[in-house]
Every structure is written in C-alpha cells, then in structure tokens.
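Visitor: I have a model to look through and no idea where to start. Can you walk me through it?
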Amino acid sequence: MRALTMLLAILLLQGCIATKSLQRDTLQSAQLAAQQCSETLIQVNDLIEEQQKTTQAIEREAKKSRAALTRPVQRDQACPDLRKSLRNKTVVGAVEWAMVDLGSKQLIAKARMDTGASTSSLNATNISEFERNGQRWVRFTLADGTEVSKVLIRYVNVRQASTNKDRRRVVKLGIKLGTISYVGEFTLADRSHLKYEVLIGRNVLRDLMVVDVARLYMLGKKPKETKKSSKNTPKKAARN
C-alpha cells in the first residue's frame, strides 16, 4: 500500500513538472510573438511615414506645375525663334494649286510641297537638247501633249531610292502659288507614274513659305489662266 502511494505521488510530481515546463514554453513563445509583432508595427509605421513624405513632395511639385500652367505667358516671350522664322512667310498646305509659266503656255496643276527635295521638279517627257543662237536649249512635252522649249540652265544628279543617280536637266520657270509669284529652277523628269505633275522643293519654299502637312489647298481654289502682264515680274529664286 505504501509503495502504491509513493508511486502515485511520483506520478503527480512529474505531471506538475511537465505542466510547468509547458507553461514556461508557451509563455516564451507568446513573448517572442509579441516582440515580432512589435517590430513589424515599427516597420509599418516607418513605411507609412515615408509614404506620407513622398505624397507631400508629389503634391508640392503638382502645385508648382499647376501654378506654372496657369501663369500667363507674355507675347514677347512666346517662342521667339519660331515667331522669327515665320515672319513674312506664308503657310501652305501639303498640296496646293500652282500656275506654271512656260512662256507659250500656262500650266495649271496640283503641286506637292516637298521639303525633302532641294530643287523643284516638273513632269516632262520626250526630253531632248538642241542649240539656238549659241545657247543650249531643251525641248520637252507636257502631260497634255504640249511641246515646250526652254534654255538649259544646268544639270543636277538626283539620287533615287531604287536606282543610281539620275542626271536631270534644269530650266528656269515662273510659278504662282496663290498670291506668291516666283521664278525658280525646275528639274525635268518623267513624273507620269506619280500623282502630281509639279513638285515644289526647298529652292522655292525657302524664305517664302512654311508647309503645314496636315492641310490642303490653303492658298485657295484652282486658279484661272490669266494673260501675261509685263508689270508683274516674278522674283527670281536663288540658285540652289
């Protein structure tokens, strides 16, 4: 009986020890978890403060930008270089009606503005050279079959995308675009496969016109053929 009592006492003592050990482990785990939560909260607070600083900085920059946008711009300060370049120039569309003075005939045709071309060009076929009064002349045919003869000024080499250099003859022609009259150099080339008989290059556009590629026929409708007048002598173009 005494032995049984002692055995029970030992078992109870071991149970108490195990319970206390379990409680101690649980308490340590709870303390560790609480410490980790505290550290996480500190990190979250730091992130929130940093985000608030960033937001405030963005709001300050946005306020400055809004103030700059609403600030009135003085006319004298608005794009001075652009205003200077547009001074005394006419804005033209990508395509305009042109009247080309060929001497014996006035050709009225749609002309494409091409800022990438150094010299203007006219559609011509059956091109041949001949001599008259000691000068070299060139004879060519227009799209409507009219034959024209002009003094040969020079030759230019034009590089084509699909071929080698194309040697072209150059003549001087008078041209009228809206109210602008000009005498400039034109290369003669077969443009029958192209949409426009006349191409206006930089040698005519320069110093006179600015091209708005989004617009068409800004200079007006198709002009009517007019009689020549000795009083209206077109301005000569600088040789390109």
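Guide: Let's start with a word on annotations. UniProt positions are given here in the numbering used for this chain, feature names are shortened, and annotations may be inferred rather than shown by experiment. Also, this is a predicted model.

Visitor: Which residues does the UniProt annotation "coiled-coil region" cover?
Guide: According to the unreviewed UniProt entry, the "coiled-coil region" covers residues 41–68. In the model, that span is 100% helix and 0% strand, and its end C-alpha atoms lie 41 Å apart.

Visitor: And the whole chain, how many helices and strands?
Guide: The protein chain comes to three helices and 13 strands. It has 240 residues, of which 26% count as buried. Among contacts between residues at least 6 apart in sequence, 58% join residues at least 24 apart.

Visitor: Is β10 mostly covered or exposed?
Guide: Mostly covered: nine of the ten residues of β10 are buried.

Visitor: What does β10 pair with?
Guide: Among its partners is β9, which runs antiparallel to β10 and is joined to it by eight bridges. One bridge pair there is Ile 175 with Tyr 182 of β10. Strand β4 (residues 120–123) runs parallel to β10, with four bridges between them. Asn 123 has Ala 189 in β10 as its bridge partner.

Visitor: How many residues sit between the strands in the hairpin of β9 and β10?
Guide: Two residues lie between the strands, and Gly 178 in that hairpin takes a positive phi near 65°.

Visitor: Which residues other than glycine have a positive phi?
Guide: Two to look at are Asn 133, with a phi of about 55°, and Tyr 217, with a phi near 50°. Most residues other than glycine have a negative phi. Asn 133 lies in the loop between β5 and β6 and is exposed, with a relative accessible area of 78%. Tyr 217 lies in the loop between β12 (209–212) and β13 (235–236). Tyr 217 counts as partly exposed because its relative accessibility is 29%, between the 20% and 50% cut-offs.

Visitor: Back to β5 and β6. What sheet are they in?
Guide: They belong to an open sheet of three strands, in the order β5-β6-β7, with antiparallel pairing. β5 and β7 (147–151) are the edge strands, each pairing on one side only. From one strand to the next, the twist averages 25°.

Visitor: How many bridges join β6 to β7?
Guide: Five bridges join these antiparallel strands. In one of the pairs, Phe 140 has Val 148 of β7 as its bridge partner.

Visitor: Different topic. Which residues have the most contacts inside the largest nonpolar core?
Guide: Leu 102, Leu 122, Phe 140, Ile 175, Val 198, Ile 200 and Met 209 do, in a core of 28 residues. The elements that give two or more residues to this core are β2 (95–101), β3 (106–113), β6 (135–141), β9, β10 (180–189), β11 (198–200) and α3 (202–205). So Phe 140 and Ile 175 turn up in the core as well as in bridge pairs, with Val 148 and Tyr 182.

Visitor: What does Met 209 touch?
Guide: Leaving out residues up to four places away in sequence, Met 209 touches Lys 89, Thr 90, Val 92, Leu 177, Ile 180 and Val 204.

Visitor: Last thing, charges. How many salt bridges does the structure hold?
Guide: Seven. One of them joins Glu 147 and Arg 139, with the closest N and O atoms 3.6 Å apart. Glu 147 is exposed, at a relative accessible area of 52%, whereas Arg 139 is partly exposed, at 26%. Other salt bridges share partners and join Glu 129, Arg 136 and Arg 169 into one network.

Visitor: How far apart are the closest atoms in that network?
Guide: Between Arg 136 and Glu 129, the closest N and O atoms are 3.0 Å apart. For Arg 169 and Glu 129 the distance is 2.8 Å. Arg 169 lies in strand β9 (residues 165–177) and Glu 129 in strand β5 (residues 125–132), so this pair ties together parts that are 40 residues apart in sequence.

Visitor: Are those three residues buried, partly exposed or exposed?
Guide: Partly exposed. Relative accessibility is 39% for Arg 136, 25% for Glu 129 and 24% for Arg 169.

How values were computed:
Residues are numbered from 1 along each chain as its sequence is written. This is a predicted model: local features need pLDDT of at least 70, side-chain atom pairs count only at pLDDT 80 or more; totals for chains, interfaces and linings use all residues. Side-chain values use heavy atoms; hydrogens and water are left out. A salt bridge is a side-chain nitrogen of Lys or Arg within 4 Å of a carboxyl oxygen of Asp or Glu. Buried means under 20% relative accessible area, exposed over 50%, partly exposed in between (1.4 Å probe, protein chains only). A nonpolar core is a set of buried Ala, Val, Leu, Ile, Met, Phe, Trp, Tyr and Cys residues joined through side-chain atoms within 4.5 Å. Contact means heavy atoms within 4.5 Å. Two strands pair if DSSP finds at least two bridges between them. Axes are lines fitted to C-alpha atoms, for helices over the stretch in contact, and angles run from 0 to 180 degrees between N-to-C directions.
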